[in-house]
Amino acid sequence: MAFHWFNPPVYVRTHRPGVRFGVSHVEGAAEQLQKWSNKGPKWDYAVRVCMAALEGEMPTQEARKAFEAAAKEEKMFLPSD
């Protein structure tokens with residue numbers, strides 16, 4: 001399976017304190033979105049954009065932007081070093 005890559009990565013919190021995860025492809029973004037307990041409007045939009053990107057109907061950079069916005073809304077976003 002080929003990944004749908006984007007750059008730069010979006011860093012998010014994990015379930016382990018002090019550990020962050022760098023997401024650099026749409027598949028990883030979709031997987032992380034499913035793990036979050038809070039699911040606001042930006043989360044819903046990010047899921048739809050990720051699914052469209054996986055189908056080739058949306059650029060991967062749009063999925064990255066939507067994922068980052070959802071991560072910020074859900075307080076999962078961590079800035080890169």
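Strands E1 and E2 pair in the antiparallel sense over 5 bridges, where strands are DSSP runs of E with at least two residues, helices are runs of H or I with at least four, and both are numbered from the N terminus. Two strands count as paired if DSSP finds at least two bridges between them. The chain discussed here is a predicted model, so local features need pLDDT of at least 70 and side-chain atom pairs count only at pLDDT 80 or more, while totals for chains, interfaces and linings use all residues. Residues are numbered from 1 along each chain as its sequence is written, and side-chain values use heavy atoms, with hydrogens and water left out.

Back to the sheet. Within the E1–E2 pair, Val-12 stands opposite Phe-21 in E2. The hairpin of these two strands has 6 residues between them, and in it Gly-18 takes a positive phi near 80°. Strand E1, residues 5-13, also pairs with E3, again in the antiparallel sense, over 2 bridges. There, Tyr-11 has Leu-78 in E3 as its bridge partner. Put together, the 3 strands form an open sheet in the order E2-E1-E3, with antiparallel pairing. Strand E2 (20-25) and strand E3 (77-78) stand at the edges with a single partner strand each, so one side of each is left without a neighbour in the sheet. As for what holds such an arrangement, strands of a sheet pair through backbone hydrogen bonds, either parallel or antiparallel.

Zooming out, the chain has 3 helices and 3 strands, and reading along the sequence gives the pattern β-β-α-α-α-β. For 81 residues, a compact globule would have a radius of gyration near 12 Å, and the chain agrees with its 12 Å; this radius is taken over C-alpha atoms, and the globule rule is 2.2 Å times the number of residues to the power 0.38. The C-alpha trace spans about 35 × 25 × 20 Å along its principal axes. Of the 81 residues, 40% are buried, meaning under 20% relative accessible area, as against exposed at over 50% and partly exposed in between (1.4 Å probe, protein chains only). The accessible surface of the chain comes to about 5100 Å², and 54% of that belongs to carbon and sulfur atoms; the areas come from the Shrake-Rupley method with a 1.4 Å probe.

Among contacts between residues at least 6 apart in sequence, 53% join residues at least 24 apart, contact meaning heavy atoms within 4.5 Å. On the charge side, there are 11 positive and 10 negative side chains, and the centres of the two sets lie 8 Å apart. Lys and Arg count as positive and Asp and Glu as negative, with His and the chain ends not counted; each charge is placed at NZ of Lys, CZ of Arg, CG of Asp or CD of Glu.

Helix H3 (residues 60-73) holds Glu-68, and Arg-64 is found in helix H3 too. Despite their charge labels, Glu-68 counts as buried at 16% relative accessibility, and Arg-64 is buried with a relative accessible area of 11%. Leaving aside neighbours within four places in sequence, Arg-64 is in contact with Phe-6, Asn-7, Pro-8, Pro-9 and Val-10. With those same neighbours set aside, Glu-68 is in contact with Val-10 and Phe-77. Glu-68 and Arg-16 are 52 residues apart in sequence, and their C-alpha atoms are 20 Å apart in space.

A few backbone and side-chain details round out the picture. Pro-8, in strand E1, follows a cis peptide bond from Asn-7, with omega near 0°. Lys-75 sits in the loop between H3 and E3 and has phi near 60°, a positive value in a residue other than glycine. Lys-75 is exposed, with a relative accessible area of 64%. His-25, in contrast, is found in strand E2 and counts as buried at 15% relative accessibility. Outside the four places on either side in sequence, His-25 is in contact with Phe-3, His-4, Trp-5 and Phe-6.
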